[in-house]
Amino acid sequence: MHGLFWLSSVGLLAATAWMLLRDADRPWKHFQREYRESFSSNAPAGIRQIVLPELTFDLNFRRIARCDRCPTCHLGIEQTPSQDKLPDNPQPFRSHPRLDLFVGAGSPHPAQDYGCTVCHQGQGSATDFRRAAHAPNDSAAARSWKEKYAWSRNPDWDFPMLPARFAESRCLQCHRDVTDLEPTARFPDPPAAKLVAGYQLVRRLGCYGCHELENATEGNVGHWTGDTARKVGPSLRQVAQKTSFEFLADRIADPAHFLPDSRMPRLFGLAEHLEGSALADAKRFEAVEIRAIATYLLGASEPAAASEAPLSTATESPSAERGRKLFALQGCLACHNHDDFPQGQAVQGPDLSRVGAKYAAANAPRWLVDWLRDPARCAPQTSMPNPRLEKTIPANGGKTTDPALDLAAYLLASKGDFRTAPLPPFAEKDLDSLAALYSLQGDPSFSPEPTATAKRDDGVQSSTISTSTPNAVAVGSGLNERAEKKLRELGRLAIAKRGCFGCHEIAGFEQSQRIGPALGDWGRKPTSQLAFEKIDEFVAAQKANLPREDINLEALRERRREGFLMQKLRAPRSFDFRVAAKKQFNEYLRMGRFNLSDAEREAIATFVLGLTADSPQGKYAYRPDAKRTAIIEGRKVLDRYACAECHALEMERWTIAYKPGEMPRPPQPENFAFLEPRFSEKALAASRKAKESGFAQAEIAGMPRLDADGNILEDEDDEGRPIAYFTLWKPAAIDGRIWTVGGADVTVPLSQILKKRPAWGGTLARILYPAIAAVAKEKNFSSPELQVWGWLPPALVGEGGKVEPAWLAKYLSNPTTIRPAGVMPMPKFNLSEKESAALAEYFAAAAEDREDSLLSPKTQDLKPGTSRLAVSDERLDQAFRLMLDAGSFCAKCHLLGDYRPGGEGRAILAPNLADAGNRLRPRYLRRWLADPKSVLPYTPMPQIFPPVGDPQGQELLPGSSLEQLDAVAQLLLEYHEYAKSKLSIKKLMPPRPKDDKL
């Protein structure tokens with residue numbers, strides 16, 4: 001008995017010792033000990049957790065409070081080590097890479113309020129590496145974890161972490177509009193670059209044409225898809241007016257044959273997953289469908305709308321060479337690429353390098369001219385703007401040319417070496433077999449007409465005309481009427497099956513529904529509902545064509561959601577491998593294959609993985625204020641119409657380093673007090689404080705000076721160091737001093753540029769800069785490298801602080817010429833009233849110095865505390881005389897009503913002053929008159945009201961410079977009322993007799 005008790009005691013003691021040793025050997029305790037030793041920390045040992053009872057998640061139909069114990073191991077997550085040490089810290093001691101966005105107390109998502117799993121997922125309550133549902137980002141990490149931590153996937157947890165490459169997808173649960181994740185002044189480094197790139201690809205490729213992407217659950221709707229009535233592909237309603245059957249069939253069979261970078265997916269010829277009878281059926285029936293779709297589209301094509309004017313009244317013949325110049329100067333490069341202009345990289349519209357091969361129909365030249373003159377008349381839902389081509393323009397010798405004809409001549413000549421490929425062989429028996437297949441599947445819309453010919457074994461009438469030779473089918477090619485009708489009907493059914501109407505306007509498909517599954521909650525879709533089928537066998541069969549080591553293939557073999565999605569984007573029909581043989585042809589998988597790179601597929605997957613119906617509620621729900629909402633909604637319209645391709649919306653930003661006290665002192669010319677920029681003493685002190693490197697830093701916004709070729713102009717300083725000259729568009733605090741806009745350029749040694757943040761927008765202006773600068777140089781303009789910017793699409797930086805929102809909304813709907821010197825007019829976009837208002841509100845909200853609220857009535861507040869400047873009628877008359885002076889003042893360059901300065905050519909013509917009061921905000925107008933270069937650095941307009949010295953024009957408008965500019969400002973604001981008063985009939989009539997009773 002005593003022996004048994006002794007053995008039990010020893011066993012109990014051993015078990016206790018084992019438990020203590022096991023507890024001391026827990027990985028999280030090892031991490032904490034290593035952290036204290038490595039970083040000399042006195043942090044107490046123990047479990048650390050963040051309990052968030054209101055930030056719940058749905059687990060088996062119950063809302064569960066979050067309890068995140070991640071900080072138990074990730075002890076350095078909130079530390080702020082210097083940037084050079086950050087990558088060297090080992091995990092899990094590394095600081096979060098974006099403390100400005102996450103974790104840090106000053107970020108929008110502090111750890112104590114949001115925890116960790118709301119973004120990263122995983123099992124937050126776990127303290128064991130294996131149970132926390134970590135997910136490796138690559139195969140090397142997976143192998144390392146298995147060796148160090150005996151890691152394996154946790155099959156018992158529904159919310160495993162996403163690999164780091166997909167981590168941004170979780171941003172979508174709160175930021176449903178995506179555009180809210182674009183860089184801002186507060187967060188200049190993109191908060192979620194991959195997610196935004198995925199969104200832009202989904203929008204540009206038109207995925208919403210086949211899939212519902214917005215979940216209808218209340219509070220979880222993201223209205224980012226915009227106006228889905230606008231298809232991403234061209235309208236096919238008038239396709240017979242512009243192309244031939246051969247070209248159309250070739251385009252349907254293989255979109256990349258004509259356009260290698262086509263965004264149109266390939267729907268036919270995807271056979272790597274097919275074998276045996278399934279492969280044979282696909283080949284013969286796809287040959288029928290290609291011809292059938294082309295036949296239907298040509299047969300359903302509508303006639304072009306009648307032109308409102310004769311083709312042309314030009315006296316010069318069309319010129320492809322003139323058209324080539326117009327292609328650049330009219331802004332076509334903002335949306336389209338062409339081999340003649342390799343610097344263009346636009347993606348908004350298709351590449352036009354070989355577009356002449358497309359316009360093969362007899363009426364194509366006339367249709368193309370009509371399209372160039374007014375695209376919306378040919379296709380009311382098009383996003384292509386009206387380029388506002390003048391009907392005729394003067395040429396040499398008094399002759400006239402027609403820009404639309406010249407552009408059309410250039411495009412029609414752009415054929416390259418393209419030749420349509422032979423279509424796969426076609427036999428009429430295949431047409432009949434496919435018709436039978438549709439009939440057997442009970443499609444009530446298919447009812448081929450019987451003929452007097454004998455029936456075949458399958459009971460379907462056979463045509464009396466043999467069409468077994470390749471490429472025999474075309475509209476009117478010799479098929480009898482019954483066979484052609486059968487072909488057209490099959491084309492209609494094939495379009496319905498393939499979902500072509502999702503991207504194109506097609507007659508007869510106006511009310512058709514999406515053909516793909518809804519993706520609104522795909523990021524939470526159970527993997528048990530994903531049809532992996534025999535994908536392992538397909539991967540094994542394709543092993544020679546696949547990367548040896550691919551983490552996405554591992555995810556596919558492990559039946560994980562991200563693996564399925566990446567494979568679906570890479571080979572969408574591969575899940576039919578050895579499954580299609582058990583199906584009818586009409587039941588095969590039908591998603592087309594897009595021409596995507598690995599990075600693009602990963603970006604799209606990041607977006608789709610973020611589509612969930614489960615979003616934080618209550619105080620955690622993201623609710624942007626009115627200003628932020630206006631920016632979000634306006635950004636969608638900017639993206640939809642590619643406004644940033646022409647206009648710079650944010651200037652380039654450089655972070656520069658310098659030794660405190662060694663930056664040159666900027667010139668400090670005296671200016672009006674209300675123009676002087678304000679910086680706090682704290683900001684000035686920070687700009688001269690040295691960092692650990694011994695250098696101070698400053699950020700400057702603007703643009704570097706360019707040479708004649710459009711490259712950054714480089715020079716050398718006295719010490720032989722390469723330098724650049726940077727023109728400020730925003731005041732800057734550098735080395736304790738204020739640098740103003742319109743003053744001297746900042747001289748920056750190239751070796752002291754720490755970071756460059758590129759400008760947002762203005763691509764077309766930079767492309768055209770060298771050509772326009774050459775013209776300016778030929779004409780001997782002073783400072784042509786600066787003046788040329790005034791002839792290009794203007795920068796819209798701070799536009800909302802410059803123009804009246806109501807005017808801007810009206811202008812966007814029907815633009816007119818504001819800058820006569822501009823090389824291209826503002827095109828007229830097919831904007832809805834809502835879109836025009838959204839853009840106007842965007843610019844008003846985005847302006848840093850806003851005078852008033854969005855779309856508010858114009859105020860006359862030119863001076864703080866006053867509602868209107870006290871300017872007498874006499875002063876307005878005097879101001880008007882000053883404006884009319886064509887020798888030294890306004891009328892020298894500016895249009896004024898119907899007055900146009902002459903003798904100097906179009907290059908120096910300035911905007912019409914009669915419209916300035918309706919267009920410009922009062923405060924901006926006053927700043928502009930006081931010092932134009934402080935507002936627009938490249939403007940050639942001089943400072944006509946000097947802040948020091950003797951005022952000019954005293955014989956016209958007596959008073960100080962400030963009094964003069966206030967009088968002119970008031971006149972411009974009241975110009976139309978002033979002009980009316982000068983033509984008042986009442987004032988011209990004689991006084992009425994006192995005894996007049998009327």
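Where is R560 placed among the helices? R560 lies in the loop between helix 17 (551–557) and helix 18 (561–570); helices (H or I, at least four residues) and strands (E, at least two) are DSSP runs, numbered from the N terminus. This is a predicted model, where local features need pLDDT of at least 70 and side-chain atom pairs count only at pLDDT 80 or more, while totals for chains, interfaces and linings use all residues. Residues are numbered from 1 along each chain as its sequence is written, and side-chain values use heavy atoms, with hydrogens and water left out.

**Around R560 and helix 18**

R560 has a relative accessible area of 11%, so it is buried. Buried means under 20% relative accessible area, exposed over 50%, and partly exposed in between (1.4 Å probe, protein chains only). Neighbours within four places in sequence aside, R560 is in contact with R153, T527, F532, E554 and A555, contact meaning heavy atoms within 4.5 Å.

Right after that loop, helix 18 is largely enclosed by the rest of the structure, because 10 of its 10 residues are buried. Among them are the charged-letter entries R561, E562, K568 and R570. The buried residues of helix 18 also include F564, L565, M566 and L569. They pack against helix 16 (535–541), helix 17 and helix 19 (598–609).

**The whole chain**

Stepping back, the protein chain has 31 helices and 16 strands. Buried residues account for 48% of its 998 residues. Take the contacts between residues at least 6 apart in sequence: 70% of them join residues at least 24 apart.

**Helices around helix 13**

Helix 13 (residues 403–413) crosses helix 11 (residues 364–373), with axes that come within 9 Å and an angle of roughly 125°. Axes here are lines fitted to C-alpha atoms, for helices over the stretch in contact, and angles run from 0 to 180 degrees between N-to-C directions. Helix 11 and helix 13 are therefore oblique to each other. For the cut-offs, angles under 35 degrees count as roughly parallel, over 145 as roughly antiparallel, 65 to 115 as roughly perpendicular and the rest as oblique. On the helix 11 side, P365, L368, V369, L372 and R373 meet A404, L405, L407, A408, L411 and L412 of helix 13.

Helix 10 (residues 320–329) also crosses helix 13: these axes come within 7 Å at roughly 100°, which means that helix 10 is roughly perpendicular to helix 13. Here the residues from helix 10 are A320, R322, G323, R324, L326 and F327, and they meet P403, D406, L407, A409, Y410 and L411 in helix 13.

Upstream of helix 10, A304 is found in the loop that follows helix 9 (276–300). With neighbours within four places in sequence left aside, A304 is in contact with Q238, Q241 and W367. A304 and A379 are 75 residues apart in sequence, and their C-alpha atoms are 9.7 Å apart in space.

**A hairpin and some backbone oddities**

Strand 1 (residues 50–59) and strand 2 (residues 62–68) run antiparallel and are joined by seven bridges; two strands pair if DSSP finds at least two bridges between them. One of the partnerships puts V51 opposite C67 in strand 2. The two strands form a hairpin with two residues between them, and N60 in the turn has a positive phi of about 55°.

Past strand 2, the peptide bond from Q91 to P92 is cis, with omega near 10°. P92 sits in the loop between strand 2 and strand 3 (102–103).

Two alanines also have positive phi. A150 comes in at about 50°, in the loop between helix 5 (139–149) and helix 6 (193–205). A642 is near 55°, in the loop between helix 20 (626–640) and strand 7 (648–650).

Here is how accessible some of these residues are, along with E714 from strand 10 (residues 714–716).

| Residue | Relative accessibility | Class |
|---|---|---|
| A150 | 46% | partly exposed |
| A304 | 27% | partly exposed |
| A642 | 13% | buried |
| E714 | 53% | exposed |

E714 touches I723 and L750, not counting residues up to four places away in sequence. The C-alpha atoms of E714 and Y725 are separated by 7.6 Å, though the two residues are 11 apart along the chain.

**Cysteines**

How many disulfides are there? The count is zero, with a disulfide taken as a pair of cysteine sulfur atoms within 2.5 Å. For C73, the nearest cysteine sulfur is that of C70, 8.8 Å away. C73 is buried, at a relative accessible area of 15%. C503 is in no disulfide either; the nearest cysteine sulfur there belongs to C210, 6.2 Å away.
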